[in-house]
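Colleague: I would like to learn how to read a few features of this model, beginning with pairs of charged side chains. Could you give the general idea before turning to the case at hand?

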Amino acid sequence: MGEISMGALVPSLKGESLPDATADPSREPSRPAPPYPPEEAEAGVVDKDTLCPICMQIITNAFLTSCGHSFCYLCIVTHLRNKSDCPCCTHYLTTNHIFPNFLLDKLLKKSFARQKVKSASPLGHLRQALFQGCEVSIKELDGLLSLLSEKKRKFEQEAAETNMQILLDFLHCLRRQKLEELNEIYSDLNYIKDDINAVERYRTELYRAKERFSVKLQLVNNDPIARKAWALLTDKHGSDTICSPHYMLGQMGTQNQKADVKAQASSQVLQNLDACSGSDLHSVAPSALAAARKRRVHSQFNDLQECYLQKRRNWNARSHKQEESVKNTRSREGYNPGLDDFRYVLTTFTRYSQLRVIAELPYDDLFHSANIVSSIEFDRDDELFATAGVSRCIKVYELSSVVNEPADVHCPVVQMSSRSKLICLSWNKCTKNHIASCDYDGMVTVWDVNTCQSVMEYEEHEQRAWSVDFSFTEPSMLISGSDDCKEQSQESKDATMSYIRKIGDILEDLGKDSSMFIILVLTVKIWCTKQEASVLNINMNATVCSVKYNPESSIYVAVGSADRQIYYYDLRNISQPLRVFSGHRKAVSYVKFLANNELASASTDNTLRMWDVKENLPLRTYTGHMNEKNFVGLTVNREFIACGSETNGVFVYHKAISKPMAWHGFGSEDEEDKRSYFISAVCWKSDSPTMLAANSRGTIKVLVLAE
């Protein structure tokens, strides 16, 4: 008996000719094309009985075995090279027991022809009949051609109508779009017209007030007693402060009746000035300062135009939504609040044009050759500032002594040493003497500046900790983000939830999902200075580059990640972020809050961006600096955003304008110097045009925005 078969082997061979049954089985056989296309066999249009049991396709070159089964010749020969049995019934079989099945081949070919006829289109049938030499008279051909011509014309007409309909739809859509744009332009023109009238009225009032004041001063100068009183008043209030002319004239009126007569005469002069003041407004020559500010306006005209229209449209939309409460809203100067907002933007933007150095502080460290300053921060009262970097040391300086006391080397008032290179600092917003740091080893440390000792040390991060930040509203809470990737068991998770319940109302109502057994990649941690372990872990899927608390809440945090996203979390529900902001093309290196709902971000894609965390909207993109691989610092205040550049310069943006308004280069203009160093840290002084900046060479400068 033959050996037991373990299943048929599917061949994958190629050849050109089909040998007969007596051919040498060791010679490579070939497989002709099947009578049915493979897709038809897969679609199930053929009978399963016509399929080869080995390859499960239509049998080609059918061969019949002595046991009565049919196979493709190629399939059965290949099988018999390895085994001597029938793939269907395991009956003993060799190549001498297989024979051509001519009848099955003929039936398959006829079946394929019938299937092809059935699946052919009417045109295919006609074409086949003509190719086969079907007898057709000229009259029948004329009728057929006439029918085809009519059909062609119908199709062409339908195609033309469809094309015209598509064109008409496009034109209607274009017309609607242009009408909307035209209506928007008309609305904008109305805004501009109203605002021009309002500004001219207010400017006229200012000019008239100035002329009245000039006349009253002239009356004072012409009266000896008035001059004496004026001198006394200016001595009392200082040379830079002038009392109200109404108060001054009132004091003099009881002493000298001559002043009253002159005052009566001056009223006629004032009336004449008021009558002609409108025509004299344009006769005032602008000062050099005003001309410079106008040049700044024209240099950023497109951005300013967009800002103005956006503010006016927003106020108009708001007035429609709250018609009763905001209808015909005017500011105290007498014009629309949208214009008032833009006036403030225009004023703050054109006020400054450069960064001026008021002090410079070398950060040389005798014990470390590398002097990169990775972080620089002001304290709560903006009296002290701290620096940290690869020198593994936190140095605290007094700002007033650095600015007011010229010296080649300024000594820090406090110096604290760390075991590892430092990356980020954060002063406590309430406790003046507490400052937090994070380092290359993942250590998060809270220092007491008065004692120069560490208060708390947190070692849960297993990799480099990139960022740390104290909460504005809850001074005992801080957040950190790092590179570490670890697993947390259910037991550890239960302990975390226990910690959360202890810290009070800030982190209450955090749910626990008992179905989750493992949390991966825990890189954001919430700490409390009153306990030794982290109180909350937020699982992230990428390296955390920056973390920041919302300045008005301790339950909202922003996280900048290496996956190009910014995540905004509500700590009461960390299962998923409240907002996810996408738009950066590379890692997000910094996140900072300008206000409760305004978040700025920096990325190594050469851009800064601002987001509305309340409305979940991107607001603006800032370009002009260079940042492709290093962390160059980011700092914000209410109106301005500043960052470093890999060209060794500091750039300042107004938050409403996408291009830099001022910049300052460290060192010389030498290209080699620009390529060798970069700005590594920046920090604004609160509500002030003063800022600190440091570069990778260790130079620290105190800069101030200037005209």
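Modeller: A salt bridge here is a side-chain nitrogen of Lys or Arg within 4 Å of a carboxyl oxygen of Asp or Glu. Side chains of opposite charge can pair when their charged atoms come close. This is a predicted model, in which local features need pLDDT of at least 70 and side-chain atom pairs count only at pLDDT 80 or more, while totals for chains, interfaces and linings use all residues. Residues are numbered from 1 along each chain as its sequence is written, and side-chain values use heavy atoms, with hydrogens and water left out.

Colleague: How many salt bridges does this rule give, and where do Lys178 and Glu181 lie?

Modeller: The count comes to 18 salt bridges. In one of them the side chains of Lys178 and Glu181 meet at 3.4 Å, N to O; both residues lie in helix 5, three residues apart, about one turn of the helix. Helices (H or I, at least four residues) and strands (E, at least two) are DSSP runs, numbered from the N terminus.

Colleague: Which parts of the chain does the pair of Arg313 and Glu184 link?

Modeller: The side chains of Arg313 and Glu184 meet in a salt bridge at 3.6 Å, N to O. That pair links distant parts of the chain, with Arg313 in helix 10 (residues 301-321) and Glu184 in helix 5, 129 residues apart.

Colleague: Is Lys525 buried or exposed?

Modeller: Buried means under 20% relative accessible area, exposed over 50%, and partly exposed in between, with a 1.4 Å probe and protein chains only. Lys525 counts as buried because its relative accessibility is 1%, whereas its partner Glu460 is partly exposed at 24%. Their side chains meet in a salt bridge at 3.4 Å, N to O. Lys525 lies in strand 17 (residues 522-528) and Glu460 in the loop between strand 12 (453-458) and strand 13 (465-470), so the pair ties together parts that are 65 residues apart in sequence.

Colleague: What should the 15 residues of helix 12 span?

Modeller: The expected span of a helix is 1.5 Å times one less than its number of residues. For helix 12 (residues 337-351) that should be 21 Å, and the end C-alpha atoms are 21 Å apart, which agrees. Among the buried residues of helix 12 are Leu339, Phe342, Val345 and Phe349.
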